[in-house]
Amino acid sequence: MKTKLKPYICYIAGMQSMSSEAHSAVGIRTSISEIEERFVELCLKDLGVDPKRIIVEDERVARHIYFYHSGICRRIRKVVDDSNKMFKYRNIFSSSYVAGMFDAAGRMDKKGISIRGLGHKEELVLEQLGIHTKGGFILNPGSFITLVRGFSVLLELTHLPGNERDPR
């Protein structure tokens, strides 16, 4: 029986595509507490993972949060493996997937928007969605922001010019 694709699966799959977890582990490494909270919330509420099974390890720079579940891992790996076929068009699924990639390995600074460790498969997914990259840097940040807005925790935490309200 085929299971339906859900945005939260796509988000976690996007995070996994930028990760080097063990074969049957699903997890993230981050120093941003909001991303940690979102990952744990999705695991508990949407994936139905037992809270006792989530492992949190404090590392020097970041925290490593993961769990082992072969069925969930297999489902997420299938999404990652088929990502260039599944995410050809801009929709909530592709937006969630790219937001997961960005939250896992992305960065916004004065130089621009970048995603560390993009492989050929991830670059192809971004290119199909109209996001051009060079050396991990996003060449059309406006289009990228439009794609992941509302899905990315990291983007919500970043102050973007033009978002100011009139103080009057």
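1. In this predicted model, S17 is in contact with V80, Y97, M101 and E122, once its neighbours within four places in sequence are left aside. The residue belongs to helix 1, which covers residues 7-17. With a relative accessibility of 13%, S17 counts as buried, because the limit for that class is under 20%.

2. Turning to the packing of helix 1, its partner here is helix 2, made up of residues 33-46, and the two pack at an angle of about 130° with their axes 11 Å apart. That angle makes helix 1 oblique to helix 2, since values over 145 degrees would be needed for roughly antiparallel and 65 to 115 for roughly perpendicular. The crossing in which helix 1 passes helix 2 is left-handed.

3. On the side of helix 1, the contact is made by Y8, Y11, I12 and M15, while helix 2 brings I35, R38, F39, L42 and D46 to it. Sorted by class, this contact between helix 1 and helix 2 holds 7 nonpolar and 2 charged residues, and no polar ones.

4. F39, listed above among the helix 2 residues in the contact, also appears in the account of the largest nonpolar core, which has 45 residues and in which F39, F67, I115 and F144 touch the most other members.

5. For I115, again leaving aside neighbours within four places in sequence, the residues in contact are M18, M101, F102, A105, G106, L126, G136, I138 and F144. One of these, M101, is also listed among the contacts of S17, and another, F144, is named with I115 among the core residues that touch the most other members.

Technical notes. Residues numbered from 1 in each chain as written. Predicted model: local features only at pLDDT ≥ 70, side-chain atom pairs only at ≥ 80, totals over all residues. Heavy atoms only, no water. Helix = DSSP H or I, 4+ residues; strand = E, 2+ residues; numbered from the N terminus. Buried < 20%, exposed > 50% of the residue type's maximum accessible area, 1.4 Å probe, protein only. Contact = heavy atoms within 4.5 Å. Axes fitted to C-alpha atoms, helices over the stretch in contact; angles between N-to-C directions. Parallel < 35°, antiparallel > 145°, perpendicular 65-115°, else oblique. Left-handed = near helix turned anticlockwise from the far one by under 90°. Nonpolar A, V, L, I, M, F, W, Y, C, P; charged D, E, K, R; others polar. Core = buried A, V, L, I, M, F, W, Y, C linked by side-chain atoms within 4.5 Å.
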